[in-house]
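Please go through the structure below together with its sequence. The text after it explains how strands, disulfides and aromatic rings are arranged.

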Amino acid sequence: MKTTLTTVTLSLAVLVATGNPFERRGGKEKRVQYAAWDDVNVIAHGLLQLGQGLKEHVDKTKGQVRDINAKLKAFNVTVADMGKESLRLQGEGEVLKARAQGLEDREVRVLNVTAELREKTEKMLQERRRVDERMNKLEEKVDGMLQGEGLPDMSTGNTANFSDAHIIQWMLEAQNKRIDDLVDRIRLQQEKLDKQSLRIRTLQHQIQLTKERPAFRRKPEEAVQNSSIEQRDSPIEMASDCHELFLRGETTSGVYTIRPLNSQSFEVFCEMTAEGGWTVIQRRQDGSVDFDQLWQAYRSGFGSLNGEFWLGLEKMHAVVKDTDYILKVKFSDWREDTETIQYPIRMDGEESRYALHIKETSPGNLQSALATEDAGVPFSTRDRDNDRKSDTNCAKHLSGGWWFSNCGHSNLNGRYFMSPPPKQRHQRKQGVFWKTWRGRYYPLKTTTMMIAPAAIENKL
């Protein structure tokens, strides 16, 4: 473009110089020759090219300026959003800091109360020792009286023989009552100490979670692309089972949501006890749910968590697959007698038909009704015959799905019979029974199966 501009400029200069066709010299006019027509065409063509180039350059510059303005506006919006987000995160940080401080203050108060309770307990123990000493002295005096030495006269301080044993009996009963009252007071104080200790552990765990809780984070590029959707990480991961919820401070039984490792989240019923949290996997109590279901129903679960239900084989496996677990089985009969059994267990996945492995059971005892082999006992339903009995489908012969090694040892998922049970034997054997407790096909009233990590055994 610079070369074209120079050429046009020179051509214009030539035209100016030759613009007057006549020139006087010495009083005579001399005719000057005009520029050639081709030269004029070249100059005109150069001017057109120059104008076109200038127009393209101006258009390109305008487009670049518009792009720069748009990027500046987007940048200004991003900066404003990040400023608002920074203020919001700062506010949330202050709230979390205040909550952590509140929890620490509560912990201090609880520790102070615990110290006072311990001091009172120590005083009561000292009082009990003094009472024991006085009782020992009284027993020595009674022995002496029985041997003829006599008892001291409370009014004069002299020794007198008493033939009436009622006085001695009254004194002993009074002392025993004082001791019993003191023991009751100590027991109440110990219960208060246990509750305070549980609260302290809960508060300490909450404080630890607050300290370890990561701040909310947002990716700036995602905020620019979609400012209407908040992208932030969850501050606390979901618990993997009910015992982890217990360790986090939950002490009330009820329905909770858990998410085992490498699994989707789902709801469970947690039974919270003094030693920990148990994940309930089965419950029978009134016959409101039909347990004579097919394989798919037993795999995914059925019923209501607040009533009768079967949690589901896939969910059970998701909970127990990564560590050692304890299976607790509780049942009662129509005479309101109850029994509880515990097993260390391991459970395979669907590829092994959810085979159950139980350890440390002795033949002939209460636990033997659910004893398994080294290879485990797979789960069976009437449409999936996986039991160890080659000539009979136990789930179809009895009722419901179960880990059948044999058709006659146990079945807590059978038909629910109200008391009294059916008289016909072929009907009774389809009910809920546990052979080694009340005998074969004796119908049970309630059953509950629950699981917890094997570590809970150390607290039982």
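What follows starts from one strand and its partners, then turns to the disulfides and the aromatic rings. The model is predicted.

A convenient starting point is strand β7, which covers residues 277-284. Eight of the eight residues of β7 are buried, so this strand is largely enclosed by the rest of the structure. Its pairings can be taken one by one. Strand β6 and β7 run antiparallel and are joined by four bridges. The connection between β6 and β7 is a hairpin of four residues. Within this pairing, Cys270 stands opposite Thr279 in β7.

β7 also pairs with β15, in the antiparallel sense and over five bridges. Here Gln282 has Met449 in β15 as its bridge partner. A further antiparallel pairing, over two bridges, links β7 to β9. In that case the bridge partner of Arg283 is Phe309 in β9.

Two arginines of this region sit over aromatic rings. The charged end of Arg283 is placed over the ring of Phe269, 4.5 Å from the centre of that ring. Arg284 lies over the face of Phe291, with a distance of 3.9 Å to the ring centre.

Strand β15 spans residues 446-453 and contains Thr448. Is Thr448 buried or exposed? Its relative accessibility is 14%, which is under the 20% limit, so Thr448 counts as buried. Leaving aside residues up to four places away in sequence, Thr448 touches Val280, Gln282 and Arg283, and also Lys328, Val329 and Lys330.

Val329 leads to another set of strands. Strand β10 (residues 325-332) pairs with strand β11 (residues 338-347) in the antiparallel sense, over eight bridges. Val329 stands opposite Ile341 in β11. The hairpin of β10 and β11 has five residues between the strands, and Glu336 in this hairpin takes a positive phi near 70 degrees. On its part, β11 pairs with strand β12 (residues 356-358), again in the antiparallel sense, over three bridges. Ile345 has Ile358 in β12 as its bridge partner. As a general point on such elements, side chains in a regular strand alternate between the two faces of the sheet.

The disulfides come next. How many does the structure hold? There are two, and with bonded cysteines counted along the chain they follow the pattern 1-2, 3-4.

One disulfide joins Cys242 to Cys270, with an S to S distance of 1.9 Å. Cys242 lies in helix α5 (residues 242-247) and Cys270 in strand β6 (residues 266-272), so the bond ties together parts that are 28 residues apart in sequence. The torsion about the S-S bond of Cys242 and Cys270 is about -75 degrees, and the disulfide is therefore left-handed. Cys242 and Cys270 are both buried. Cys270 is also the residue that stands opposite Thr279 in β7.

The other disulfide joins Cys394 to Cys407, with an S to S distance of 1.9 Å. Cys394 belongs to helix α8 (residues 394-397), while Cys407 is in the loop between α8 and β13 (410-411), so this pair ties together parts that are 13 residues apart in sequence. With a torsion of about -85 degrees about the S-S bond of Cys394 and Cys407, the disulfide is left-handed. Cys394 is buried, as is Cys407.

The last topic is the aromatic rings. A pair of aromatic rings is described by the distance of the centres and the angle of the planes. The count here comes to 13 aromatic pairs. One of them is formed by Tyr298 and Trp310, an edge-to-face pair at 5.4 Å centre to centre with 70 degrees between the planes. Tyr298 lies in helix α6 (residues 295-300) and Trp310 in strand β9 (residues 309-310), so the pair ties together parts that are 12 residues apart in sequence. Both Tyr298 and Trp310 are buried.

Phe331 and Trp434 form a tilted aromatic pair, at 5.3 Å centre to centre and 35 degrees between the planes. Because Phe331 lies in strand β10 and Trp434 in strand β14 (residues 433-434), this pair ties together parts that are 103 residues apart in sequence. Phe331 is buried, and Trp434 is buried too.

Ring pairs also link residues into a cluster, including Phe291, Trp295, Tyr298, Phe302 and Trp310. Tyr354, Phe379, Trp402 and Trp403 belong to this cluster as well. Phe291 in the cluster is the residue whose ring face lies under Arg284.

Terms used. Residues are numbered from 1 along each chain as its sequence is written. This is a predicted model: local features need pLDDT of at least 70, side-chain atom pairs count only at pLDDT 80 or more; totals for chains, interfaces and linings use all residues. Side-chain values use heavy atoms; hydrogens and water are left out. A disulfide is a pair of cysteine sulfur atoms within 2.5 Å. Buried means under 20% relative accessible area, exposed over 50%, partly exposed in between (1.4 Å probe, protein chains only). Two strands pair if DSSP finds at least two bridges between them. Contact means heavy atoms within 4.5 Å. Rings of Phe, Tyr and Trp (its six-membered ring) pair if their centres lie within 6.5 Å; planes under 30 degrees apart count as stacked, over 60 as edge-to-face and the rest as tilted. A charge sits over a ring if NZ of Lys or CZ of Arg is within 6 Å of the ring centre and within 35 degrees of the ring normal.
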